[in-house]
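This report describes selected features of the model displayed below, taking strand pairing, helix packing, backbone geometry and an annotated residue in turn.

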Amino acid sequence: MVLTRSSKKAPKPQTPPVKNLSKAQTPPLSKAEKPQTLTSKKGAKSQKKPPLKKQKKDVIVVEEEDDDEEVSDVESEEIDESDDGEKGSNGFFSDDDGEELLNDNFLDGSDDDEEEERSDSDEALSSDSDSDEDDIQKESEAIDRAKAKEEEDADAELLDFNKEDGPEEHETFRLPTQEELEEEARGPPDLPLLQSRIKEIVRALSNFNVLRPNGASRKECVEQLKSDLASYYGYNSFLIGALFELFPPVELMEIIQAFEKQRPTSIRTNTLKTRRRDLADVLLNRGVNLDPLSKWSKVGLVVYDSQVPIGATPEYLAGYYMLQGASSFLPVMALAPKENERIVDVAAAPGGKTTYVAALMKNTGLIFANEMKVPRLKSLTANLHRMGVTNTIVCNYDGRELPKVLGERSVDRVLLDAPCSGTGVISKDESVKTSKSLEDIKRFAHLQKQLLLAAIDLVDATSKTGGYIVYSTCSLMVAENEAVIDYALKKRNVQLVKTGLDFGQDGYRRFREHRFHPSLKQTKRFYPHVHNMDGFFVAKLKKMSNMKQSSEDDDEAVETVEQADVSSDDDEEAEAMEEMEKLSVPSKQPKENKERLAKSKEKKKGKKDGKSKSKNVERKPKKKRSDWKKEIAQAREEKRRAMRENSKGKQ
């Protein structure tokens, strides 16, 4: 006989009830103590049936007040078990003895209750399965709404802060007066004051319409910020002004702070002797903490720290790797040299880029490693020997003279890492902060234009695999980068092509009042605060034809104009030289030929005079061809006389 709990409420006991006790206070039965049903149908289902939710809801945890009450509960349960003779029956309090007697009506009503509860449970389970999906969807929608509301609240809070709270909190900030600045100048710089003022001015300039200091214009804030940055970080006024033209105030602070930190030490694996994986294993065993440089390089490694000097390991001395900045990889990767090509490195020392080119060429072809400064040739040759390079010729010429030495249209590719102001490597050389001026930038730009035109003249446009020139600098100045490339596009028949570097910022197509060629967007700029490498500029040019469009340099404009005037009379010069040679050698020509030559000269001179009259251009007085002819003849005669006298004296 199964005893189940009746849904009807039990009659209230006549005896005074125990305090804070209810019929649901008895502990739930375990699986072993579940009642067994007499009927087969209901019994099988009742064993598998989980505890009903209604029963779970009715269970109420009540705090125990006295130990005597607990003892009485346990005794009542034991009495119930002994009277009924079955386990699993719940204890009910009767009117007299604290127990409730169960009758047949209770059993009759229990089956109906079970069916109702079972149907209710089935409906609840089905409704739960359907409602779970709805609940998940509702929860996700609620999360989305909450997130959107948070974003709206954040934007509104920021706007309110800028409009209302900002001026109130920072209304005390104002630009210093002239007297205060003079007083600060008398003593040592107050670094905390400068730092706080720099932050406040940068914050004001980021949203000047709202956070404008009282009675201050934007120009005054900018000038004060320049002065404070120069004092705090040690820059001269020119360089701070130049950087301020390149970057907005917030980004300017980022790049200046990046210049105060050293860039990570990087090394390049020499693929002529080893592989990067093998080199990394060996250096790790020596206590060097390193990682691959980046996804864009297959040979670079970045060194975090080392227990041994990274530039004095046996592997370094054996030429397995080269200490080289990450930015120095970029020009060679843009050049993309092929095997069996002829390549010129115009400014090769100390040899990092040259050895990288040789490794990519697998020691085939021919490389001309040029360096103008003699003291730097030692490091260049030493690195070439250490790295096992065998296809390189070291030469010592001015890069502007290389077309005359090697010949125009004689090579396939040229790498020009031009000498520059070094404004991108301030973290390596802090003297740049104070040593560079506008005159230095102009001087470097003039030299770079000459070198680039010479490099273009070296390249053969009809090369099957090459015809490329890569120009790079470690400078951030537009005058040394985009302006130089734009000048070369006007002076030579070249075009900008993609560098092959999938990162970096595009070059400037316009800068202040300057407007450059639209293709300059294909050049690349690299910044320390963005790419964690030295400031760098890379451009790749493709030579389209071997024809020269115009003269070689702006500063030689006067000379080139004179040469252009003279070049129109090149035929006359050649004729004059031939005549001089003929006159110097005894000839048997009749006098008639001489008269004809004199008449032809006079006719040509008359034509020249007519052209000069037609052009209303003032020119410098030039020597006539007849005067040059006489001077050359006199010089030759004097030389011959001197040789004759020397020969007579010896005899």
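The model is a predicted one. Within it, β2 and strand β3, the latter formed by residues 300-306, pair in the antiparallel sense over five bridges. In this pairing Asp291 of β2 is the residue that stands opposite Val302 in β3. Both strands belong to an open sheet of four strands, whose order is β2-β3-β1-β4 and whose pairing is antiparallel. Because β2 (288-292) and β4 (321-323) each have a single partner strand, they stand at the edges, and one side of each is left without a neighbour in the sheet. From one strand to the next, the twist averages 35°.

The loop between α11 (276-285) and β2 contains Gly287. What does Gly287 touch, when residues up to four places away in sequence are not counted? The residues in question are Asp305, Ser306 and Gln307. Gly287 and Gln307 are 20 residues apart along the chain, yet their C-alpha atoms are separated by 5.4 Å.

A second set of strands pairs in the parallel sense, and its pairings are set out in the table.

| Strand pair | Sense | Bridges | Residues standing opposite |
|---|---|---|---|
| β5 (342-345) and β6 (366-370) | parallel | four | Val344 and Phe368 |
| β5 and β8 (413-417) | parallel | three | Val344 and Val414 |
| β6 and β7 (392-395) | parallel | four | Phe368 and Ile393 |

Val344 thus stands opposite Phe368 in β6 and also opposite Val414 in β8, while Phe368 in turn stands opposite Ile393 in β7. Pairing of this kind runs through backbone hydrogen bonds, whether the strands of a sheet are parallel or antiparallel.

The connections between these strands include two β-α-β units. β5, helix α14 (residues 352-361) and β6 make a right-handed unit, and β6, helix α15 (residues 377-386) and β7 likewise make a right-handed unit.

Two backbone details occur in loops that adjoin β5. Most residues other than glycine have a negative phi, and most peptide bonds are trans. Ala336, found in the loop between α13 (329-335) and β5, has a phi near 50°, which is a positive value in a residue other than glycine. In the loop between β5 and α14 lies Pro350, and the peptide bond that joins Ala349 to Pro350 is cis, with omega at about 0°.

Helix packing is illustrated by α6 (residues 191-206) and α8 (residues 218-233), which pack at an angle of about 145° with their axes 10 Å apart. The crossing in which α6 passes α8 is left-handed. On the α6 side the contact is made by Leu191, Leu194, Gln195, Arg197, Ile198, Ile201, Val202 and Leu205, whereas α8 contributes Arg218, Cys221, Val222, Gln224, Leu225, Asp228, Leu229, Ser231 and Tyr232. How do the residues of the contact of α6 with α8 divide, and how many are nonpolar, polar and charged? Eleven are nonpolar, three are polar and three are charged.

The remaining feature combines a record with the model. In an unreviewed entry, UniProt lists Cys474 for "active site". Where is the place of Cys474? Cys474 is in the loop between β9 (468-473) and α19 (482-491). Leaving aside its neighbours within four places in sequence, Cys474 is in contact with Cys420, Gly422, Thr423, Gly424 and Val425, as well as with Gly535 and Phe536.

Technical notes. Residues are numbered from 1 along each chain as its sequence is written. This is a predicted model: local features need pLDDT of at least 70, side-chain atom pairs count only at pLDDT 80 or more; totals for chains, interfaces and linings use all residues. Side-chain values use heavy atoms; hydrogens and water are left out. Two strands pair if DSSP finds at least two bridges between them. Axes are lines fitted to C-alpha atoms, for helices over the stretch in contact, and angles run from 0 to 180 degrees between N-to-C directions. A crossing is left-handed if the near helix is turned anticlockwise from the far one by less than a right angle, and right-handed if clockwise. Contact means heavy atoms within 4.5 Å. Ala, Val, Leu, Ile, Met, Phe, Trp, Tyr, Cys and Pro count as nonpolar, Asp, Glu, Lys and Arg as charged, and the others, Gly among them, as polar. UniProt positions are given in the numbering used here, feature names are shortened, and annotations may be inferred rather than shown by experiment. A crossover is right-handed if, with the strands pointing away from the viewer, the path from the first strand over the helix to the second runs clockwise.
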